[in-house]
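Me: I would like to go through this structure step by step. Please take my questions one at a time and reason briefly before giving each answer.

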Amino acid sequence: MLNETILNHLPAGVQGPRYRRAEVGRGIVHFGVGNFFRAHEAWYVDRCLALPGQSAWGIVGVGLNGGNRGEAKAREFQQQDCLYSLTEVTADGTRTVSVIGALREYLLAPADPEAVLRRLAEPETRIVSMTITEGGYHIDEETGLFRLDAPAVRADLDNPRRPTTVFGYVVEGLRRRREAGTAPFTVLSCDNLRSNGHIAHTAFVSYARALDEGLAAWIDANVTFPCSMVDRITPGVDTPTRNALNEASGLDDDLPVLAEDFSQWVLEDNFCNGRPALEKAGVQFVDDVAGYEQVKVRMLNASHILLGALGLLLGYRYAHETVEDADLVRFANAYWTQDAMPQIDAPAGVDLDAYRRRLLSRFSNRAVADTLLRICSDGASKVRVFWTDTVRRSLTSGHDLQRIAFGIAAYMEMLRGQDEKGESYTPIEPTLDADEMALVNASDPEAALALPAFDGWRDMDTTELDAAVVAARMAIRERGVRASLPA
């Protein structure tokens, strides 16, 4: 098994940590230790730890979900001394394998809430980061306010010393620091959200205000919430993939991660209590993240879910299959060049057409084998984030709506869970309840327009768009995706 004892005799071709793990501190606490975090933030921090004077910035991972799955994951991390392998694969299949040692400790919050709170209150903790998904911030899309009525949030407000949510843990940790006279930590969102730092500020300060106005004012004045843009395609790892990764690396790793060779992290340099020298590890620090964020969200993320929905309907299951289909590539290129790119205010020096070409190359990476179900998962949250700006700008400018309408229709049809070959699959939509999912299969094809995925432009006149969506849905049902694609 992969653990500390084998670091000095790793298989040939596997790179181990280039620092002494025993000397690494615990300066960062991270909520949501999923594959993306382990291939992205932890990878950057791992590179930092090999630099002089950076040993303070090891990571404590926190899992919020208990049950059998959460407990099994915690055991695996503990048995492996929080080590895991990262396999990076280029589009031509070249592989690089590294053992990542940046994660120094893993805490399962439901098993020991107090251990998490103690770690948050420790002066050594100077950054608290998170990947809790686009839908995890409980922000009401219509009002922009934090949803204090969410059941888990309400439960934490009723029992703030025994929290269960990231909001409860972070605010209680900050309360203890304030009481002890300890400097606050930076709260860093690493989720695919527009202005994620501002959203995190709204969520955490609103939660604190519902508990204690004075604490909220202290957090507002002293805690910083940098905006960030994160990018790396990181698929899920099922048992066959895990076995194949271990066979190729020669490791016995229960927690391997697979990722493309591309990675990007753009950060606002706004840290209240110090930070690692991430700029020396490839992170780009800028004054305003918004422009980079718009390029990524409206080109990569938007087209990812667009191709995912179309691909699933055609019977594909992997991302690379969609860009091996000439019809889908033509449609994606038309969407990028005619709908998305002309309406993006790109930062200086960013070549949108070069970015488009790079996306096609990244999506074509067969070795990554990214599943379309993963890409489309939680689509109700993703569509709001990834498509809203392009839709709103198109509605305002009177722009051609046919490709946008077709994408919305394809997403709706994808939710029905059956492809054109008659094969079934199960869409992953954790934020949609049974009544909302029923709208997808309603006899009225317009009913699904009420899904929360489309809340981002519901305040506008969508008469023309809605009609085009309904027409596209009917065309897909009657003629199939390929015959219905806009010219």
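Me: Why is helix H2 (residues 41–49) largely enclosed by the rest of the structure?

Reply: This is a predicted model, and the answer rests on its computed values. The buried residues of H2 are Glu41, Ala42, Trp43, Tyr44, Val45, Asp46, Cys48 and Leu49. Helix H2 is largely enclosed because, of its nine residues, the number buried is eight.

Me: How are the rings of tryptophan 43 and tyrosine 44 arranged as an aromatic pair?

Reply: A pair of aromatic rings is described by the distance of the centres and the angle of the planes. For tryptophan 43 and tyrosine 44 the centres are 4.8 Å apart and the planes make an angle of 70°. Planes over 60 degrees apart count as edge-to-face. The arrangement of tryptophan 43 and tyrosine 44 is therefore edge-to-face.

Me: Which residue lies over the face of tryptophan 43?

Reply: Tryptophan 43 is buried, and it belongs to a separate core of 37 residues that also includes Val33, Cys82 and Phe271. At 4.4 Å from the ring centre, the residue over its face is arginine 232.

Me: Over which ring does the charged end of arginine 38 sit?

Reply: The distance from this charged end to the ring centre is 4.7 Å. A charge counts as sitting over a ring only within 6 Å of the centre, and the angle to the ring normal must be within 35 degrees. The ring under arginine 38 is that of tyrosine 84.

Me: Is strand E4 (residues 84–89) largely enclosed or left open by the rest of the structure?

Reply: In a regular strand the side chains alternate between the two faces of the sheet. In E4, Tyr84, Leu86 and Glu88 point one way, Ser85, Thr87 and Val89 point the other way, and all are buried. Six of the six residues are buried, so E4 is largely enclosed.

Me: Which strand pairs with E4 in the antiparallel sense?

Reply: Strands of a sheet pair through backbone hydrogen bonds, either parallel or antiparallel. E4 runs parallel to strand E10 (residues 257–260), with four bridges, and there valine 89 has glutamate 260 as its bridge partner. In the other pairing, serine 85 stands opposite valine 99. Six bridges make up this antiparallel pairing, and the partner is strand E5 (residues 95–100).

Me: Which residue takes a positive phi in the hairpin of E4 and E5?

Reply: This hairpin has five residues between the strands. The phi in question is near 95°, and the residue is glycine 93.

Me: Which strands stand at the edges of the open sheet E9-E11-E12?

Reply: The sheet has three strands with mixed pairing. E9 and strand E11 (residues 264–268) pair in the antiparallel sense over four bridges, one of them joining aspartate 231 to glutamine 264. An edge strand has a single partner, so one side of it is left without a neighbour in the sheet. The edge strands are E9 (228–231) and E12 (284–286).

Me: Which helix gives the most to the largest nonpolar core?

Reply: The largest nonpolar core has 109 residues, and Phe31, Phe204, Ile219, Trp387, Trp457 and Leu465 touch the most other members. Tryptophan 457, leaving aside neighbours within four places in sequence, is in contact with residues including Trp387, Ile408 and Leu465. With 13 residues, the helix that gives the most to this core is H10 (residues 290–314).

Definitions and conventions. Residues numbered from 1 in each chain as written. Predicted model: local features only at pLDDT ≥ 70, side-chain atom pairs only at ≥ 80, totals over all residues. Heavy atoms only, no water. Phe/Tyr/Trp six-rings, centres within 6.5 Å; stacked < 30°, edge-to-face > 60°. Buried < 20%, exposed > 50% of the residue type's maximum accessible area, 1.4 Å probe, protein only. Core = buried A, V, L, I, M, F, W, Y, C linked by side-chain atoms within 4.5 Å. Helix = DSSP H or I, 4+ residues; strand = E, 2+ residues; numbered from the N terminus. Contact = heavy atoms within 4.5 Å. Pairing = 2+ DSSP bridges.
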